[in-house]
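Good morning, colleagues. I should like to take you through one structure, beginning with a single residue and then widening the view to the whole chain.

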Amino acid sequence: AGAVGAYVGVPLAGAIQSMFLPLMLLEIGLLIGLQFVKHKAGINLVVMFGFVFMTGLMLAPLLARTLGMGGGAAIIGNAFAMTSVVFGAMSFYAIKTTKDFTSYGKPLMIALFVVLGFSIINIFLGNPMMQVMISGAVVMLFSVMVIYDTQNIMNGAYETPIDGAIALYLDFLNIFTALLQLFGIFGDDD
């Protein structure tokens with residue numbers, strides 16, 4: 001559903017960018033709404049796929065900008081391949097390690113808020129070097145989140161399978177987006 005959203009969204013990237021705030025609010029609304037319907041069979045899947053579709057749609061402006069670069073399709077392919085490798089390796093590590101990462105929730109949340117804070121600051125600064133550091137931090141943070149979420153799923157810590165699926169999907173999406181930004185920054189002529 002995320003790939004479908006991105007496919008539909010790339011030709012509409014300009015319109016999506018101009019309606020960014022309402023679309024972002026819809027995306028957040030679907031995620032919040034999912035929490036209310038996660039126990040209702042059928043509707044929970046519709047809302048989950050709606051949310052995943054919206055995440056793909058919201059990724060379309062970044063994808064369109066990357067496709068406009070020289071070798072843009074290769075940049076997207078490389079970011080996706082690298083994300084898959086990182087995600088698979090972290091999931092495998094989570095399953096095989098004897099170290100318990102399930103107690104890392106609080107430090108991971110603090111790290112997430114710190115990265116979010118720097119991201120907001122950089123919206124106003126527009127510093128490319130700071131963006132590189134933020135993207136690198138996001139890749140590292142969400143790589144550890146894959147381990148954390150995988151172990152929580154294995155321990156039955158999530159109330160429903162949808163909770164675990166969304167957690168891992170968001171980990172994958174954030175790693176992919178950060179790698180896409182990094183590869184795009186280094187692949188850009190500017």
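Is Leu-116 buried, partly exposed or exposed? Please bear in mind that this is a predicted model. The relative accessible area of Leu-116 is 46%. Since buried requires under 20% and exposed requires over 50%, Leu-116 is therefore partly exposed.

Let us place this residue. Leu-116 belongs to helix α6, which covers residues 105-125. A separation of 22 residues in sequence lies between Leu-116 and Val-138, and their C-alpha atoms are 9.3 Å apart in space.

I turn now to the chain as a whole. It contains eight helices and zero strands, so that the order of elements from the N terminus reads α-α-α-α-α-α-α-α. The radius of gyration is 17 Å, and the globule rule gives 16 Å for 190 residues; the two values are close, so the chain is as compact as a globular protein of that length. As for its dimensions, the C-alpha trace extends over about 45 × 35 × 30 Å along the principal axes.

Next, the packing. Among contacts with a separation of 6 or more, 78% join residues 24 or more positions apart. Of the 190 residues, 42% count as buried.

Finally, the surface and the charges. The chain exposes about 10500 Å², and 74% of that area comes from carbon and sulfur atoms. There are 6 positive and 9 negative charges, and the mean positions of these two groups lie 11 Å apart.

Thank you for your attention.

Notes
Residues numbered from 1 in each chain as written. Predicted model: local features only at pLDDT ≥ 70, side-chain atom pairs only at ≥ 80, totals over all residues. Heavy atoms only, no water. Helix = DSSP H or I, 4+ residues; strand = E, 2+ residues; numbered from the N terminus. Rg over C-alpha atoms; globule rule 2.2 N^0.38 Å. Buried < 20%, exposed > 50% of the residue type's maximum accessible area, 1.4 Å probe, protein only. Contact = heavy atoms within 4.5 Å. Areas by Shrake-Rupley, 256 points an atom, 1.4 Å probe, with all protein chains shown as cover. Lys, Arg positive; Asp, Glu negative; His and termini not counted. Charge placed at Lys NZ, Arg CZ, Asp CG, Glu CD.
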